[in-house]
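Here is a short report on one protein chain. It works from a domain contact outward to the fold as a whole.

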Amino acid sequence: MDLQTLTNLFATTYNPDPNIRKSAELQIRKIGNEEGVPSALLQIIGNEGIDLATRQACAVWLKNRVWKTYSVETDRRAEGGSFIALSDREALRGNILRLLAASPSRSVATQLGTALKSIIAHDFPNDRWPGLLTQIKQLLQSSSVQEVHAGCVAALEAIKAFKFRQTNDVLPRIIAELFPILVTIATQMAEQPPTASQEIPTMLHLILKTYKSSITVSLSKHQQSPESLVPWGKLFFTVVNLQIPANAVPEDEDERERSEWWITKKWAYAILGRLFHRFGNPSQLPSSMQKEYGPFAQHFVSVFAPEILTIYLKQVDLYVRKEAWLSKKCQYHIFTFFTACIKPKSTWAQLKPHVNSLVSTFVFNQLTFNEERKELWDTDPVDYVRVSVDEYESYSNPVAAATTFLLSLATNRTKITFMPVLGFINQVLRSDAAPAQRFGALNMVAALGTHIMSHPEVKLEMEQFILSFVTPVLTSPEPYLRSIGLEILGTVVKHGLQWSNPETKMNHSRAAALSLDDLEFPVKVQGALALTEMIVAYEDVRAAVAPEVGKVVHDLVKMSDDTDLSVVNSAMETIVEQYQVELLPVAAELVTHLCSTYMRYVTEVAAKESDVDPTQLEFDDIDTEDNDKSFAAMGVAKTILTVVDSIEASKEILAQVQEVIVPILTFTLEHKLIDLFDHVYELTDSLTFHSRSISPSMWRIFELTYQVFKTVAVDFLEEMLPTIDNFISYGTDAIKANADYRKMLVDIYTHSLTVDHLGENDRVIGSKIAESILLNLRGAVDDYLHVIINAALSLQENIESPALRLANLEVLINAVLYNPAAALHLMEQKQAGTAREFFNHWFAAINGENKLPRVHDKKLSILTLAALMEMQPGQVPQTLRDGWPSIVAGALRLFKDLPKAIEVRKALQQEYADGDEIDDSYAEKLLNFNDEEGDVWDEESAYLEMLANESARLREKADKGDEEPSDDDDDESDDDLIEEELTYISPIETVDPYTTFKRALTNLQLNNAAAYQAATTALDVDQQTLLIEVMRLADANEASATA
């Protein structure tokens, strides 16, 4: 296709007429794989005579085509799939840097830069672009500003291509060659007085971002050396200390925040923080990193960290005295650095004298009711609540960082800082401070509430504090004071506030309830949260609210309808849990309303997703925006689940509710809203389990489950398992009557074993489905028995984990239990001797240590051995007859271990039941009353140590590649992980293995006297004694059953 025709096609992709646009896009898709098209697009992008919009459309298509296909070798591409020919790849390498330098706009440069990263990531490590670094250096050392800028972009993309790479092979080379040039360029630029011109700050921004990207995972040897650290460190300090003239940046603060100069300063702060937190803090450096970074950390904490702290304190002082301005991102990074300085002994000694001043000014200013909070309250009160209390809050802002700094002081340096902070709060509250300032003090109390209620002395004073400073603001004319007062009330109640006067407690609960009618939305939410905490904490409050619980739920539902706040849904879940009996009459109405809300959210989600054509990625930019409606729907689904669980005892109401819920489940599965699938299967599991039956409408869910499993949701097999098992267990008759359903179930099992990208855990799940089929559908899957057996036999040669080895073995054991004669015949039919091989594996597990660890494992094998004992002698395969008598000894070995397994399960059940008990040591962990002057090593430090060590272990494992494991040690440790599944109800749970074994042994004696004689005479004294005990217990169980 000639250039002009191609140009016209891409010009048409932004035509306002959708039919014309679609036609052009289809034509481009047809020719997209033709050799020479990417090369032609490079010519169009570089042609100044073509309008900018067309060139940008070409750049977007090219970027997305590279992103989708570049790593796919042309000789390995799927038939009909997208690809880029080798000649075009050569053209890309040869022209993209030149085009980047000549880019007509930032938007085109952005597209080319992203494409460049994909190309570098694939070609540079494979020596397909050996001249890349030379070409980038030529751009950086050019006398043309535009070429230097292109070199900065190229350097950044080269680093980004490998910034998450764990192995130190490519990145250190790029750093060593490019960074000395970059730091020289940046230093020269930073020494020039800041002006309104964007060239210098833009390139400084790119260079600093490049450095920050390079230290995402590791710090190269070059960067650790003084030759690199000193010039870069001086550069960072220079940028941080830059005083930007007012005429060099916009006057509007939001625009100033986004200006290139302040973005550059943000990256300088971020780099210094990352260097210290990740690599330069020896007291917090994980042991796995000590060898690589220990010397660097010691040098950094003694030389650089004090200088950083000094500079930051100076910047804060200027900001507090209003002599300088700081962007929010810079404030965030300063707070983050201050927080990192609390635990190490050396930096704490330098920070400690400034703590009181920082808290009373820099921290306090963030927590007052300032103009920014007021504007958000007035313009978007829902968002005000979200950023204040919602769990999806973004934590990269100075308010959250200031709060984290305050909490870290209270946690790690309790003896020195905690009481002075509380003293400052009291000072503000006892003064004639303005309402906005009083809000700040109360906000600090709300943040420190958990710490306050964990302090053995301070918590005793909290009731009086509430009466003095919180109770009055609950009726304040300032709504934001009412809101923060309710937040404090909920926090201290949640953490154990005890009231000396019951009437005072009830007055506060009434105040919280009344706030549900407040005109201000944030007050309503905080009132709901406070009331919820009081209902949970105090039985008399719960009883007092009971007559009005319908109104409370109605208010919460209204709030949920008006917003998508997860905290509102959480409060509603708690209220439903607390008032299960009281809400039973309105459960169906409540669920109907919740389902309506859910449908409103998912309809929007489905509409949005239906507008997204996956094939359009070559014409549109990739959208990574989070879908808030999906999160909201998740919250509503959780609340519906809580209602379902609360009405378990009322089968009639449960049946009504189920018919209301099924349509929302159907809609979610039909529209393939994958983000909500786990909630769908939680609901279907709960509905089918509580009902102990499958309603006609619920079978549509089963059919859709099969469809989505075979298409878009194969990775959701684990989430689907309880639901599928319930369909099999409680819908047995319907499945037996429907051949298609049986076929679907067996196909799910075999598919789980053959899909390449599924792991061994998924194959364990598939094996559990096969077990459920064989145990529940006795006599109904004869036609599929050979399919199941062949699938399990084919799998057993490619198993690594003990969990899958056991699960697969038990599929075969279940097949034998299902029909012993047919199963053994089918094994031998596959290949002579297969049955004997199966028995060898099985008896190795029976006689091994902890190879059949669970009660179900032992009972299943006992019942299957009993079924084998009842076979007619002529049905036993010839290859098994000589070992047939050992069946009795195998069963006795299982009986020997069964009582211990039952004890272990009971202990785990008790532990599970006690799992919600409060950890009494929580307060001790939260506050540090130990020596305040040394390094602090806490649970957070230990957690980061664990993560770093695990990461190091995985890297070492990856580096070893295909090396063989040392020996069988790993198997033993993995076997320990096969624990009782306490929520699993086995179909053989109620079957008595003792009476079953007695009956089978009696039949063996009658039907196969020779085998019985051989089996019993081969027993040693201990086995004979155990046999007598087993028969005694069988008699006792029989007598008990008939009594």
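Start with a charged pair. Arginine 836 and aspartate 882 form a salt bridge, with their closest N and O atoms 3.1 Å apart. The model is predicted, so side-chain atom pairs count only at pLDDT 80 or more.

**Domain 2 against domain 3**

The domain assignment splits the chain into domain 1 (585-611 + 625-730), domain 2 (738-851) and domain 3 (866-911 + 984-1042). Between domain 2 and domain 3 the count is one salt bridge. Three residue pairs are in polar contact between domain 2 and domain 3, both residues at pLDDT 80 or more. Which helices supply the side of domain 2 that touches domain 3? H41, helix H43 (802-818), helix H44 (820-830) and helix H45 (834-847) each supply at least two residues of that side. H45 gives the most, with seven residues.

The contact involves 18 residues of domain 2 and 17 residues of domain 3. About 1400 Å² is buried between domain 2 and domain 3. Carbon and sulfur atoms give 72% of that area. The C-alpha centres of domain 2 and domain 3 lie 22 Å apart.

**Salt bridges**

The count for the model is 32 salt bridges. Three of them are set out here.

| Salt bridge | Closest N to O distance |
|---|---|
| Aspartate 561 – arginine 600 | 3.7 Å |
| Lysine 768 – glutamate 981 | 2.3 Å |
| Glutamate 1029 – arginine 1032 | 2.7 Å |

Take the pair of aspartate 561 and arginine 600, which meet at 3.7 Å, N to O. This pair links distant parts of the chain, 39 residues apart. Aspartate 561 sits in helix H30 (residues 549-562), and arginine 600 in helix H33 (residues 587-610). Is arginine 600 buried or partly exposed? Arginine 600 is partly exposed, because its relative accessible area is 35%.

Next comes the salt bridge of lysine 768 and glutamate 981, at 2.3 Å, N to O. Here the partners are 213 residues apart, and again the pair links distant parts of the chain. Lysine 768 belongs to helix H41 (residues 760-776). Glutamate 981 lies in the loop between helix H50 (969-975) and helix H51 (993-1007). Lysine 768 has a relative accessible area of 26%, so it counts as partly exposed. Glutamate 981 is partly exposed too, with a relative accessible area of 30%.

The pair of glutamate 1029 and arginine 1032 is a local one. Both residues lie in helix H53 (residues 1021-1042), three residues apart, about one turn of the helix. Glutamate 1029 has a relative accessible area of 31% and is therefore partly exposed. Arginine 1032 is partly exposed at 46%.

Some salt bridges share partners. Lys768, Glu810, Arg854, Asp857 and Glu981 are joined in this way into one network.

**The nonpolar core**

In soluble globular proteins, nonpolar side chains tend to be buried together. The largest nonpolar core in this model holds 347 residues. Which members touch the most other members? They are Phe338 and Ile661. Helix H15 (residues 287-320) contributes the largest share of this core, 14 residues.

Isoleucine 661 can be followed further. Its contacts, leaving aside neighbours within four places in sequence, are Val591, Cys595, Ile640, Val644, Leu683 and Leu687.

**A serine in a loop**

Serine 105 lies in the loop between helix H5 (86-101) and helix H6 (106-123). Is serine 105 buried or exposed? Serine 105 is buried, because its relative accessible area is 18% and the cut-off for buried is under 20%. A polar atom of the side chain of serine 105 lies 3.2 Å from the backbone nitrogen of valine 108.

**The whole chain**

The secondary structure comes to 53 helices and zero strands. The C-alpha trace spans about 105 × 85 × 65 Å along its principal axes. Of the 1043 residues, 52% count as buried. Among contacts between residues at least 6 apart in sequence, 76% join residues at least 24 apart.

Technical notes: Residues are numbered from 1 along each chain as its sequence is written. This is a predicted model: local features need pLDDT of at least 70, side-chain atom pairs count only at pLDDT 80 or more; totals for chains, interfaces and linings use all residues. Side-chain values use heavy atoms; hydrogens and water are left out. A nonpolar core is a set of buried Ala, Val, Leu, Ile, Met, Phe, Trp, Tyr and Cys residues joined through side-chain atoms within 4.5 Å. Buried means under 20% relative accessible area, exposed over 50%, partly exposed in between (1.4 Å probe, protein chains only). Helices (H or I, at least four residues) and strands (E, at least two) are DSSP runs, numbered from the N terminus. Contact means heavy atoms within 4.5 Å. A salt bridge is a side-chain nitrogen of Lys or Arg within 4 Å of a carboxyl oxygen of Asp or Glu. Domain bounds come from an automatic or database domain assignment. Buried area is the accessible area (1.4 Å probe) that two parts lose on being put together, summed over both. A polar contact is a pair of N or O atoms within 3.5 Å; within protein, one must be able to donate a hydrogen and the other to accept it, and residues adjacent in sequence count only if both atoms are side-chain atoms.
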